[in-house]
Amino acid sequence: MGDWLVPALLTIITASTPLVFAAVGEVVVEKSGVLNLGIEGMMIVGAISAFAVGVTTGSATLAIFAGAIGGAAVAFIFGFLTLNLLANQVAAGLALTIFGLGFSALLGHGFVGKTFPGLPKLEIPIISEIPFIGPLLFGHDILVYGSVIIVISTTYMLNKTRVGLLIRAVGENHDAAHSIGYSVNKIRMACVLFGGAMAGLGGAYLSLAYTPLWVEGMTSGRGWIALALVVFASWKAWRAFLGAYLFGGITIIQLHAQGFGVEIAPEFLSMLPYLATIVVLVLISRDSSRAKLNAPACLGRSFHEAG
Amino acid sequence: MISKKIILGALLSAVMAVGATVGQAADKRTKVGFVYVGPIGDHGWSYQHNVGRLAVNNAFGDKVKTTYVESVPEGADAARVITKLARSGHKLIFTTSFGYMNPTLKVAKRFPKVKFEHATGFKRSKNLATYSARFYEGRHVAGLIAGKMTKSNVIGYVASFPIPEVIRGINATFLAARSVNPKVKIKIIWVSTWFDPGKEADAAKALIAQGADVIMQHTDSPAPLQQAQKNKVWAVGQASNMAAFGPKAQLTAIIDDWNAYYIQRTKAMLDGTWKSQDVWGGFKSGMVKMAPYNKAIPANVVAMAEKAKEGIFNGTVHPFTGPIKDQKGKIRVPAGKTADDGMLAGMNFYVEGIDATMPK
């Protein structure tokens with residue numbers, strides 16, 4: 001194995017981590033029956049919030065929190081519009097993306113050209129030195145480990161806990177959940193805020209670790225990919241994790257293949273991650289009854305207490 | 001359903017209104033419009049065009065009002081934006097990306113009284129001029145420096161799309177680097193985008209992992225330069241001075257400077273002397289500049305770079321001087337000759353020695 005393999009695999013981890021955060025957040029949102037198309041907008045606001053706080057205070061911890069709060073704050077607007085004012089979720093989500101891109105540009109005005117040293121790596125002496133496994137498993141920044149923890153805890157939360165049961169109940173049949181006394185919109189709002197915070201963390205990862213800088217529109221469509229990954233994952237957090245790594249992996253492998261002179265059109269190679277997503281999507285949804293089983297029945301439907 | 005449609009409609013029109021930041025005030029200032037492919041905060045291509053727009057504002061004060069639309073996708077959407085500018089009273093419209101060529105031509109036909117200028121394209125008409133900069137002159141200088149500075153003898157190149165503009169840059173870099181370092185190789189990774197900081201950084205990382213120790217880019221964000229800094233290798237900035245993102249890594253940067261051109265063309269439009277033309281400016285016209293050289297570059301290398309720059313300025317040096325062969329060994333520019341503009345504009349081959357296959 002050449003010297004390039006470990007760096008290539010490390011790049012896959014950095015390329016996938018923002019997608020993991022955003023996709024897992026959206027899994028929870030959609031499980032509660034809310035379709036938030038504004039991931040891109042929440043991500044980019046998270047990115048600038050984290051970067052601005054990071055540059056101003058010099059604290060990586062505060063920066064990460066700011067990313068999550070920034071994402072959740074924009075998500076709150078969406079939640080208020082769709083849950084309280086019963087606005088159309090698709091329209092509000094699209095508006096959130098456009099708003100987020102513009103608002104982040106405004107916030108980021110004074111931060112263009114600034115640099116951030118990046119997130120500290122968590123090195124473990126000796127173990128980090130083990131060839132191959134050491135650099136792959138250790139020496140990442142906290143957000144990489146955080147993304148794995150989030151996936152595991154979200155999977156557990158959704159499937160094994162009372163809170164998870166409530167979220168699924170609200171997403172599957174909000175009238176039933178309401179009739180037995182649960183506040184549908186409060187539960188949904190909590191999920192929307194969680195999704196916003198996760199998208200914000202994904203954005204924070206972009207501006208703090210992936211490419212520690214601020215440029216307008218730096219999310220470059222990753223929010224939309226995260227959205228596709230949720231369907232790809234048929235609303236399961238661990239599958240969203242796999243999907244993100246599949247997508248990140250193919251993206252990175254095609255770049256390396258080019259460097260080695262593999263003679264395939266780069267346009268085709270650039271298309272590969274998307275193509276793979278579609279193929280897997282077709283494969284896992286070919287059994288339509290099972291696909292339906294996974295999609296939350298109330299996805300995208302507003303809940304009105306009176307009716 | 002109706003309410004959905006209304007919301008969507010309202011949303012779309014809001015998008016258009018925001019997107020086209022077109023002032024409707026009935027003032028007497030002549031309106032000049034700009035269409036950018038990226039955000040003006042990209043610190044690269046679109047940023048520099050916007051610097052040029054601000055120079056127009058400064059130069060004409062109250063006589064001219066400039067507007068711009070940023071992040072306009074190439075293709076059908078561009079036609080809509082350009083039409084909107086033309087319809088809202090703009091007298092001169094600059095469209096600043098290669099992919100706006102056909103949309104600009106189409107809109108120019110429909111608005112014969114409006115003047116259009118398209119950057120980096122080759123289709124012209126009576127009211128559509130083209131302009132571009134000879135970035136390959138800057139690539140030549142950067143290639144010389146890269147050839148001297150590389151220790152691994154591998155130059156990594158983050159490329160966007162296989163159009164003549166980009167291929168010319170790769171060839172100019174490689175020819176210059178080879179001329180001072182016969183062992184030098186070039187590795188090229190196409191990212192199929194002009195602007196995606198993450199992907200550009202990933203490509204730079206892949207190049208570095210595969211042994212490149214000088215990173216050059218033909219994409220718009222400073223992310224590749226930043227990766228170079230992180231991995232302690234060299235890089236060349238693109239479009240603007242990107243030293244802030246990698247002060248140790250940036251050898252120099254190839255800077256686009258549109259200020260003088262935009263002022264001159266706006267003036268021509270105001271005077272009524274505007275004519276469709278094709279301008280291709282380089283060091284001499286000031287459209288291409290080099291950022292300050294990195295202090296780590298040895299004095300003799302700086303002297304060599306400066307000499308080449310001066311030579312290009314005086315016309316005694318041409319980055320594409322024969323004999324130049326393509327990869328099949330066919331002579332494209334005979335010995336003693338230099339490539340003419342027609343050949344440069346349509347360049348679609350790699351020169352001999354580049355160990356890569358041109359994407360089709």
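**Exercise 1.** Identify which residues touch the most other members of the largest nonpolar core, a core being a set of buried Ala, Val, Leu, Ile, Met, Phe, Trp, Tyr and Cys residues joined through C-beta atoms within 7 Å.

*Solution.* Among the 202 residues of this core, A:Ala23, A:Leu229 and B:Ile215 touch the most other members. Helix α9 (residues 184–210) of chain A gives the most to the core, with 17 residues. Because domain 1 (2–133) and domain 2 (136–255 + 290–345) of chain B both give residues to it, the core lies between them; the domain bounds come from an automatic or database domain assignment.

This is a predicted model, in which local features need pLDDT of at least 70 and side-chain atom pairs count only at pLDDT 80 or more, while totals for chains, interfaces and linings use all residues. Residues are numbered from 1 along each chain as its sequence is written, and chains are lettered from A in the order in which they are written.

**Exercise 2.** Determine how A:Leu229 is placed within helix α10 of chain A.

*Solution.* Nine of the 11 residues of α10(A) (residues 222–232) are buried (20 or more other C-beta atoms within 10 Å of their own), so the helix is largely enclosed by the rest of the structure. A:Leu229 is one of these buried residues, as are A:Ala226 and A:Val230. Leaving aside neighbours within four places in sequence, A:Ala23 is in contact (C-beta atoms, placed from the backbone, within 7 Å) with residues including A:Ala226, A:Leu229 and A:Val230. Just after α10(A), A:Ser234 takes a positive phi of about 40 degrees.

Methods:
A residue is buried if 20 or more other C-beta atoms lie within 10 Å of its own, exposed if 12 or fewer, and partly exposed in between; C-beta atoms are placed from the backbone. Helices (H or I, at least four residues) and strands (E, at least two) are DSSP runs, numbered from the N terminus. A nonpolar core is a set of buried Ala, Val, Leu, Ile, Met, Phe, Trp, Tyr and Cys residues joined through C-beta atoms within 7 Å. Two residues are in contact if their C-beta atoms, placed from the backbone, lie within 7 Å.
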